[in-house]
Amino acid sequence: MTWTESAAAQSHPMLAAPNHDELVEQLFVRDLKLYVMQEVEPVQREIAQVLLADGKARASNNPAANLREQMAGLDSFRTWLSLKRESQRQLWSAVGDSVARQADELEALGRFDSPRGSVTVDPEFAVPDYVADADIHLMPGGNGFDDGSLLQGAVMDRGGAVYMLGRNGGMLNDLRGHTAMAHLLTIAPDIEPERILDMGCGIGASTVPAAATFPDAEVHGIDVGASILRYAHARAEHLGAAVHFRQGSAEHTPYPDGHFDVVYSCVLLHETSPEAMAAILAESKRLLKPGGIAIHLEVPLIHEFGDVWQELSSELEAQYNNEPNWRGALSADYASLMAAAGFGDVKVGYQSTATDAHKSPKVFKDQSDGVFRSWFVASGRA
Amino acid sequence: MTRVPLPRTPNRLDAIPGEGGRDEQLLGMIVALTSEVTILRARLDACERLLVASGALAAGAVDHFDPDAAAQAERERARQHTIAKVLRPLREQARAELAAVKDQTP
C-alpha cells in the first residue's frame with residue numbers, strides 16, 4: 001500500500017521520477033506528514049476531549065465552532081496548524097523541484113505521433129471563482145494554471161501520490177475511479193456503456209479506470225486546467241488508455257444533451273461551491289441518455305464523523321488546505337439534491353474501495369467503513 | 001529557450017489566528033532545514049556505503065578530502081541553493097510588504 005525507497009515503483013513513464021535526493025526529500029515529506037498526524041495531532045485530540053468533557057463546548061448549537069474558539073488560545077494548537085500547512089507546502093516545493101529538473105524530458109514524453117485519445121484546450125476558457133480564488137490543496141498556481149506545458153499536471157500527479165501517502169492505489173492514485181466503476185457494476189451489473197464522462201477529471205487518475213473497466217467504451221474527461229489536461233492525456237496514452245480530455249467546467253460542458261451512458265465525478269464536489277454542486281448534478285442529468293447513470297463519489301460525510309474533534313479537525317484541514325466547498329459537499333442532503341436534479345432510482349451510501357471494478361467485491365451500504373476503506377457515493381438514473 | 005519557473009507560492013493562505021507571521025516563517029525554515037539535513041545524511045550514507053562496498057574509499061578518506069577549484073565551485077552553488085530554500089519565508093514576506101508599500105505610496 002505504501003511506497004518506499006526500495007519500491008521505486010514507476011507506475012508509468014510520465015510520473016516524474018525522483019533522483020536519489022528528490023526521493024529522500026519526498027519521503028521526508030511523507031514522514032513529516034505521518035509525524036504530524038500520528039504524534040502531534042493526537043495530543044490536540046486529547047485536549048479537545050478534555051474541553052468537551054467539561055461541557056462548555058458541547059452546550060452550544062455549534063460545538064465544533066465553540067471548541068475551536070477554546071483551542072485557538074493554545075500555542076500548541078496554532079503550532080500544529082502551522083506545521084501541518086508547512087508540510088503541505090514542502091510537498092509542493094519538493095515535487096516542483098523534481099518536475100522542473102526533468103521538464104524537457106517530460107514534455108518530450110507528452111508528444112505522440114498517433115495518439116489513441118486526445119486533448120482539447122480552450123484558450124478562451126475562464127476558470128470558475130472557486131478555482132481562481134484559492135489554490136486547491138495549496139498547489140502553487142492552482143488547478144487552472146497554464147503555461148502552455150504539461151508540467152503543472154506532472155506536479156499534481158506526483159504531489160497527489162505523495163499526499164495520499166499511498167492510500168489511494170500507490171503511485172497510480174486510482175482507487176476512487178475503480179470504486180466509482182465498482183458502484184456502477186453494483187447497480188447495473190450488465191451495463192455496457194458506449195460513452196462515459198469523468199467530470200473534474202484532473203490528471204485522469206480516476207478516468208483511466210473507466211477505460212480499463214470498459215475497453216470498448218468511448219471515455220471522456222473534462223476539467224478546468226489546460227496544463228493538467230495535457231498531462232492527463234500523456235499519462236493515459238502511456239497507460240494504454242484511449243481517453244478524450246477537454247477543457248471546460250463541469251457546471252456547463254460543451255457536450256450535447258443525452259450524449260453519455262455514464263457520467264461520474266470523484267471528489268470533485270467538495271472543491272467547488274454549493275451553487276456549482278447543484279449545477280454539476282443538473283449537468284450530469286442533462287448529459288445522460290434516458291436510463292443513463294450518474295455517480296458522484298465523495299469523502300465520508302460529516303454525520304459519519306465520530307466526534308466533535310474530528311469535525312473540527314476536518315474543518316481546519318478544509319480551511320488551511322483550501323478545500324472551498326468542504327462543508328457544503330459534506331453536509332448536503334444528496335437524496336434531495338439528486339431528486340431535485342431530476343434523477344430517479346437515487347442511491348446514497350458507501351461503496352467499499354475497489355482495486356478492480358470487475359473483480360473486487362461489490363459492497364454498497366449505508367455506513368462508512370472509514371476513510372479510504374470506502375467512499376461516499378450518490379447515484380441516480382436519468 | 002528559458003522556461004518560466006512554475007509558481008511556488010499558493011494563492012490564499014488563511015491567517016492562523018494568534019499565530020505571529022514570524023513564528024510561521026521560523027517554523028517553515030526549520031522544516032526546510034530538517035528536510036535538507038535528512039537528504040544530506042541519506043546521500044552521504046549512500047555514498048559511503050557504495051564506496052566502502054566497492055573498496056574505492058579508504059577509511060578516513062572523507063575527513064582528509066581537499067577539493068580542487070571545480071569542486072569548490074560546485075560546492076559553492078550547492079550552498080547558495082540551500083540558503084535560498086531555507087530563507088524562502090523571509091523573501092515572501094518582504095515581497096508582500098514591498099507590494100503593500102508600493103500600493104500605499106502615491
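This passage walks through a predicted model, starting with the overall build of chain A, moving on to where chain A meets chain B, and ending at one buried threonine.

Chain A is built from 13 helices and nine strands. Its radius of gyration is 21 Å, close to the 21 Å that the globule rule gives for 382 residues, so chain A is as compact as a globular protein of that length. Measured out along the principal axes, the box that its C-alpha atoms fill comes to roughly 65 × 50 × 40 Å. Of the 382 residues in the chain, 58% count as buried. Contacts also reach across the sequence: taking those in chain A between residues at least 6 apart, 78% link residues that sit at least 24 apart.

Next comes the meeting of the two chains. Chain A brings 40 residues to the contact and chain B brings 31. Together they bury an area of about 3200 Å², with carbon and sulfur atoms giving 56% of it. On the chain A side, A:Phe28, A:Arg85 and A:Arg89 stand out, since no other three residues supply more of the area that chain A buries against chain B; their share is 20%.

Charged and polar pairings run across this interface as well. The rule finds nine salt bridges between chain A and chain B. One of them joins the side chains of A:Asp21 and B:Arg43, with N and O 2.7 Å apart. As for polar contacts, the count between the two chains is 17 residue pairs. Five helices of chain A, namely H1 (20-53), H3 (75-101), H4 (103-109), H6 (151-163) and H11 (308-320), each put at least two residues on the side that touches chain B. The largest share, 14 residues, comes from H3(A). Sorted by class, that side of chain A holds 17 nonpolar, 11 polar and 12 charged residues.

Finally, a look at a single residue. A:Thr213 lies in helix H8 of chain A, which covers residues 208-213. With a relative accessible area of 5%, A:Thr213 falls under the 20% cut-off and therefore counts as buried. Its side chain reaches the backbone oxygen of A:Pro209 at 2.6 Å. Beyond its neighbours within four places in sequence, A:Thr213 is in contact with A:Met181, A:Leu185, A:Ala357 and A:His358.

Key: Residues numbered from 1 in each chain as written. Chains lettered and ligands numbered in written order. Predicted model: local features only at pLDDT ≥ 70, side-chain atom pairs only at ≥ 80, totals over all residues. Heavy atoms only, no water. Contact = heavy atoms within 4.5 Å. Buried area = accessible area lost by both parts, 1.4 Å probe. Salt bridge = Lys/Arg side-chain N within 4 Å of Asp/Glu carboxyl O. Polar contact = N/O pair within 3.5 Å; in protein donor to acceptor, adjacent residues only side chain to side chain. Helix = DSSP H or I, 4+ residues; strand = E, 2+ residues; numbered from the N terminus. Nonpolar A, V, L, I, M, F, W, Y, C, P; charged D, E, K, R; others polar. Rg over C-alpha atoms; globule rule 2.2 N^0.38 Å. Buried < 20%, exposed > 50% of the residue type's maximum accessible area, 1.4 Å probe, protein only.
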